[in-house]
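Colleague: Could you walk me through reading a few features of a protein structure? I would like the general idea, then the case at hand.

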Amino acid sequence: MAEGRKSMETALAIIGGGPAGLAAALAAREAGVEDILILERDSVLGGILNQCIHNGFGLHTFKEELTGPEYAYRFIKRVEEAGIPCLTDTMVVDLEEEEGEKYITAMNRKDGILTIRTKAIILAMGCRERPRGALNIPGFRPAGVYSAGTAQRLVNIEGKMPGRDVVILGSGDIGLIMARRMTLEGAKVHTVAEIMPYSGGLKRNIVQCLDDFGIPLKLSTTVVKIHGKERVEGVTLAKVDERMKPIPGTEEYIPCDTLLLSVGLLPENELTEELGAKMSPVTRGPLVNESMETSLSGVFACGNVLHVHDLVDFVSQEAALAGKAAAEWLKENGNNVTEADLVLEQAEKQETAAGRMQAEKTAITVEPGAHVRYTVPSKIRPDKAGEETLIRFRVDNVLKDHYLCVSYNGELISRKKKRILAPGEMEQVVIRHSDFEKYPELSRITVHIEAE
């Protein structure tokens, strides 16, 4: 640790004060962890929910319909009542591990650069939007091109309109919601263009945000040129083929002053990768086991930093599991460090490490099969699993009248008909602990989709 820096210690550090971090902190406190610290880079807790003023949140968690700020406030209030300390306006810039201890380097205006020594970490940094630079759209760099999330903040928090004549590229949920929001504020949304042959958003958002307002959704369509040098003057759309290449002769020019981009979300995992956790090439989040623990002992992940969710209620459920698991980990690995405990703690660490290695050897691999892009978790340790383990996943295409299947070591165990499956809707299956006793040689669980 560099000299002159302010230093702190905590048993459990939670990076991110959005819905995932808040729910994880509460679950850890309820499980007995007294020493918790939440680190949040924004000036307030709540994360992205603070700018999501539309309703539809909380139906699973609170059995009622709330706006994003209302949902966030319920958790913020509980965190405050629990007396869990938070450092806001604090950016985490580095994570390191040395001899079982984890060190967080963070910075803020009050403390400057500070080092936080912790036993366990929960990663809850959320996700960010894919920028225009990743799309390679020809044209100048005029004013009027915004990510959908930036436009949402401008309208809902700062009270500013990005423009009046709008085209939206990408049909993710934020883009769909902003199509409705911009319309309600008096803008003309000409169309939502989606390069894929299906929407990336929830069906309810397509109906409520586009169909109800007469906004067309153009599938297999993308922006091939942005017109204008100082300010956006229009865009050229074109149909794409099965290789996502524009089809000559299908170009359509639409005059507009604003282009909103809703072209995907990326988990904020630079810190996770720097720490050395094994990552999923599909979700771009860390691989986790049934306890939301990464490949690094005592480092957990939950929410959109793990994989992008469509419902915040699922984020809270996943985060609660991570918080509870972190509490159990702390109980097993020692919550306090004193000189008198060092010898005993070192022996316990060696025993725990050996136990972890054995658990990893006996862990059941959870793998995606036909039409399944990924699974969370990717491993289940039978001795750590509760009564049941929830496996969440997304499919790779729109599939009608198919069967959701689960196989154990290649043997089909369950087959449930689904009227429709879509990439924009997260799916889940439940694995019951009693199955592990019935199948003692179980080493591989496959989630897959079959046709009729």
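Modeller: Gladly; we will look at a helix pair, a glutamate and a sheet in this predicted model.

Colleague: Let's start with the helices. How are two packed helices described?

Modeller: Two numbers do the job: the angle between the axes and the distance between them. Here, helix 1 (residues 19–30) packs against helix 2 (residues 68–82) at about 35 degrees, and the axes are 10 Å apart. The crossing of helix 1 past helix 2 is left-handed.

Colleague: Which residues of helix 1 and helix 2 meet?

Modeller: Helix 1 brings L22, A23, L26, R29 and E30, while helix 2 offers A72, F75, I76, R78, V79 and A82. Eight of the residues in this contact are nonpolar, none is polar and three are charged.

Colleague: Now the glutamate. Is E290 buried or exposed?

Modeller: E290 counts as buried because its relative accessible area is 6%, and the cut-off is under 20%. It sits in the loop between helix 6 (270–275) and strand 17 (299–301).

Colleague: What are the polar partners of the E290 side chain?

Modeller: The side chain of S291 makes a polar contact of 2.8 Å with that of E290. A polar atom of the E290 side chain also lies 2.8 Å from the backbone nitrogen of R381. Beyond four places in sequence, the contacts of E290 include L321, P377 and K384.

Colleague: And the sheet: which strands stand at the edges?

Modeller: The open sheet has three strands in the order 19-21-24, paired antiparallel. Strand 19 (372–376) and strand 24 (427–432) each have a single partner strand, so one side of each lacks a neighbour in the sheet. Strand 19 is joined to strand 21 (residues 388–395) by four bridges, and T375 has F393 as its bridge partner in strand 21.

How values were computed
Residues numbered from 1 in each chain as written. Predicted model: local features only at pLDDT ≥ 70, side-chain atom pairs only at ≥ 80, totals over all residues. Heavy atoms only, no water. Axes fitted to C-alpha atoms, helices over the stretch in contact; angles between N-to-C directions. Helix = DSSP H or I, 4+ residues; strand = E, 2+ residues; numbered from the N terminus. Left-handed = near helix turned anticlockwise from the far one by under 90°. Contact = heavy atoms within 4.5 Å. Nonpolar A, V, L, I, M, F, W, Y, C, P; charged D, E, K, R; others polar. Buried < 20%, exposed > 50% of the residue type's maximum accessible area, 1.4 Å probe, protein only. Polar contact = N/O pair within 3.5 Å; in protein donor to acceptor, adjacent residues only side chain to side chain. Pairing = 2+ DSSP bridges.
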